[in-house]
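Please walk me through this structure in the viewer. I would like to know what to select at each step and what is found there.

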Amino acid sequence: MILIFAVDNNWNIGYKGDLLYKISKDLRRFRRITEGNIIIMGRKTFESLPDKKPLPNRINIVITRNKEYKGEGIIVINSIEELYPLLKEINPNNEMETFIIGGGEIARQTLDKCNKAYITKIFKTFEKVDTSMPNLDLLENWKIVNKSRVYKDIDVAYQYIDYVKE
Ligand SMILES: NC(=O)c1ccc[n+]([C@@H]2O[C@H](COP(=O)([O-])OP(=O)(O)OC[C@H]3O[C@@H](n4cnc5c(N)ncnc54)[C@H](OP(=O)(O)O)[C@@H]3O)[C@@H](O)[C@H]2O)c1
């Protein structure tokens, strides 16, 4: 599975249920990369999507402990353990890629099953933060394999950094 996240200097990713910063070019890149594939998210990330609607042209899997949870156009599962047999069932030949799109809780619990990460590094330290993901630079087995040039968006600089787990 592949992690796809936008992080700040301290690998923070959110505050009060929303992203720290929205870069429209990054959001378009996110759509381009994930369309036609499977996206997996925690219930809080799902509820942060525009109108709490699934993202179109992708299989949306939402993880919650709430057994009653339902929503149009989403597959709901109640544990991380349920995820792996489900993926085998819906994607037996790995024709689709599988992305962990958020949030911090789900990233932490699936990290050991991920072997790639597309990180948008936003070169800014946000003051108001309450959610982070694991800092891949501090993990021995994660290595940077590609870095884009540094782009500018209004008042922030950002860079696309790809990691693989060895
Ligand atoms: N910067 C980025 O790239 C990025 C990407 C995505 C999200 N975000 C941000 O991250 C924040 C949300 O992240 P988060 O870490 O707070 O929440 P989250 O990971 O999106 O969702 C957490 C929820 O997932 C469910 N869950 C977690 N572990 C589970 C397990 N083992 N079994 C069953 N259900 C489980 C629970 O749902 P229930 O409470 O319903 O049981 C839990 O409350 C928001 O601010 C969002 O904007 C940022």
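Which residues touch the most other members of the largest nonpolar core? Select F5, I40 and I100: in this predicted model, these residues have that role in a core of 31 residues.

**The core**

Next, colour the elements that build this core. β1 (2–7), β4 (38–42), β5 (59–63), β7 (98–102), α4 (104–110), β8 (116–122) and β12 (156–165) each contribute at least two residues. Among the contributors, β1 gives the most, with 5 residues. In general, nonpolar side chains in soluble globular proteins tend to be buried together.

Now centre on F5. Apart from neighbours within four places in sequence, F5 has contacts with I13, G102, A107, I119 and M133.

**Strand β1 and its partners**

Select β1 as a whole. This strand is mostly covered, with 5 of its 6 residues buried. Show the backbone and follow β1 to β7: the two strands run parallel and are joined by 2 bridges. Then turn to β8, which is also parallel to β1 and is joined to it by 6 bridges.

L3 is a convenient residue for viewing both pairings. In β7, I100 stands opposite L3, while in β8 the bridge partner of L3 is A117. I100 was selected at the start as one of the residues that touch the most other core members.

**The ligand**

Move to the ligand and display the residues around it. The shell holds 28 residues, and the closest are G14, G42, T45, G102 and G103. G102 has come up before, as a contact of F5.

Which elements each supply at least two residues of this shell? They are β1, β2 (12–15), β3 (18–19), β4, α2 (43–48), β7 and α4. Of these, β1, β4, β7 and α4 also each supply at least two residues of the core.

Colour the shell by residue class. It has 9 nonpolar, 14 polar and 5 charged residues.

**The whole chain**

Finally, zoom out to the protein chain, which has 4 helices and 12 strands. Its radius of gyration is 15 Å, close to the 15 Å that the globule rule gives for 166 residues, so the chain is as compact as a globular protein of that length. The C-alpha trace spans about 40 × 35 × 25 Å along its principal axes.

Colour by burial to see that buried residues make up 27% of the 166 residues. Of the contacts with a separation of 6 or more, 64% are between residues 24 or more positions apart.

Methods: Residues numbered from 1 in each chain as written. Predicted model: local features only at pLDDT ≥ 70, side-chain atom pairs only at ≥ 80, totals over all residues. Core = buried A, V, L, I, M, F, W, Y, C linked by C-beta atoms within 7 Å. Buried ≥ 20, exposed ≤ 12 C-beta atoms within 10 Å, placed from the backbone. Contact = placed C-beta atoms within 7 Å. Near = placed C-beta within 6 Å. Nonpolar A, V, L, I, M, F, W, Y, C, P; charged D, E, K, R; others polar. Rg over C-alpha atoms; globule rule 2.2 N^0.38 Å. Pairing = 2+ DSSP bridges.
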